[in-house]
Amino acid sequence: YNLIRPDSLYRFVGLRNYERLMGDDDFWWAFGRTVVFITITLNLELFSVSCDSAIGVLDALDTFATVTGQGNLSSLAYVLLDPEDETVEFAIAGHPPPLVRHPDGVCEFVHEARGPLVGIASAGTRTSIVRPFPRGSSIVLYTDGLIERRGESIDRGFERLESALDR
């Protein structure tokens with residue numbers, strides 16, 4: 001997870017790649033995966049500076065992945081926080097929904113603005129949502145491994161994560 005701050009806005013990125021789900025012990029695959037993550041991260045920083053919206057960043061990353069073949073099937077949660085306006089913009093590519101905790105303690109998952117993994121979306125089909133984000137709010141970005149358990153409903157994982165924020 002990265003924090004990118006090219007200007008007065010804060011950009012948070014959660015990233016995971018699903019190109020291969022087995023064989024993590026293969027050195028060359030792991031090395032290649034590391035290179036892909038570095039490449040995606042560097043391009044995210046470039047796109048974050050050159051694009052004026054979360055959708056623009058994901059569209060640019062989709063194009064990059066399609067043209068180069070690097071980063072296809074990556075999941076990504078792109079969060080653009082504007083502390084001055086107290087708003088937050090979410091654009092999500094196949095990543096688990098961010099969890100927002102409001103100052104009053106109420107938690108909610110952001111299920112809107114979710115789309116397919118990077119490199120799969122057609123141009124212009126990504127969506128985002130802008131929400132109020134008053135001071136004292138929190139955002140949790142996490143991997144699916146945090147909420148998924150074998151033999152258990154994913155809803156139970158969401159409940160477990162939400163209750164952890166109540167502590």
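This report walks through the fold, the confidence and the side-chain links of a predicted model.

## Overall build

Let's start with the general layout. The chain holds 4 helices and 9 strands. Reading from the N terminus, the order of elements is β-β-α-α-β-β-β-β-β-β-β-α-α.

Of the 167 residues in the chain, 41% are buried. The accessible surface comes to about 9,000 Å², and carbon and sulfur atoms account for 55% of that surface. Among contacts with a separation of 6 or more, 58% join residues that are 24 or more positions apart.

## Where the model is confident

A word on confidence before the details. The mean pLDDT of the chain is 77, and 69% of the residues reach at least 70. Strand E8 (residues 129-132) has the highest confidence, with a mean of 94, while strand E1 (residues 2-4) has the lowest, with a mean of 45.

Two stretches deserve your attention as you look at the structure. Over residues 1-7 the pLDDT stays under 50, and the model gives this stretch 25 contacts beyond four places in sequence. The pLDDT also stays under 50 over residues 18-24, for which there are 14 contacts beyond four places in sequence.

## A buried salt bridge

The whole structure contains 6 salt bridges. One of them joins Arg 126 to Asp 62, with the closest N and O atoms 2.8 Å apart. Arg 126 sits in the loop between strand E7 (114-115) and E8, whereas Asp 62 belongs to helix H2 (residues 54-68), so this pair ties together parts that are 64 residues apart in sequence.

Are these two partners buried or exposed? Arg 126 is buried, because its relative accessible area is 6%, and Asp 62 is buried as well, at 5%. Both values fall under the 20% cut-off for a buried residue.

## Salt bridges with more exposed partners

Glu 86 and Arg 135 also form a salt bridge, at 3.6 Å from N to O. Glu 86 lies in the loop between strand E3 (74-82) and strand E4 (87-93), and Arg 135 in the loop between E8 and strand E9 (138-140), so the bridge connects parts 49 residues apart in sequence. Glu 86 is partly exposed, with a relative accessible area of 29%, and Arg 135 is exposed, at 61%.

A further salt bridge pairs Glu 108 with Arg 131, at 3.1 Å from N to O. Since Glu 108 is in strand E6 (residues 107-109) and Arg 131 in strand E8, this pair ties together parts that are 23 residues apart in sequence. Glu 108 is partly exposed, at 29% relative accessibility, while Arg 131 is buried, at 14%. Which residues make up the network of salt bridges here? Glu 108, Glu 112 and Arg 131 are linked in it.

## An aromatic pair

What about ring-to-ring pairing? The search of the whole structure finds 1 aromatic pair. Phe 109 and Phe 158 form this pair in a tilted arrangement, 4.9 Å centre to centre and with 55° between the planes. Phe 109 is in strand E6 and Phe 158 in helix H4 (residues 154-165), so the pair links distant parts of the chain, 49 residues apart.

Both rings belong to buried residues: Phe 109 has a relative accessibility of 12%, and Phe 158 has 14%. Strand E6 thus appears twice in this tour, through Glu 108 in a salt bridge with Arg 131 and through Phe 109 in the aromatic pair.

Terms used
Residues numbered from 1 in each chain as written. Predicted model: local features only at pLDDT ≥ 70, side-chain atom pairs only at ≥ 80, totals over all residues. Heavy atoms only, no water. pLDDT = per-residue confidence, 0-100. Helix = DSSP H or I, 4+ residues; strand = E, 2+ residues; numbered from the N terminus. Contact = heavy atoms within 4.5 Å. Salt bridge = Lys/Arg side-chain N within 4 Å of Asp/Glu carboxyl O. Buried < 20%, exposed > 50% of the residue type's maximum accessible area, 1.4 Å probe, protein only. Areas by Shrake-Rupley, 256 points an atom, 1.4 Å probe, with all protein chains shown as cover. Phe/Tyr/Trp six-rings, centres within 6.5 Å; stacked < 30°, edge-to-face > 60°.
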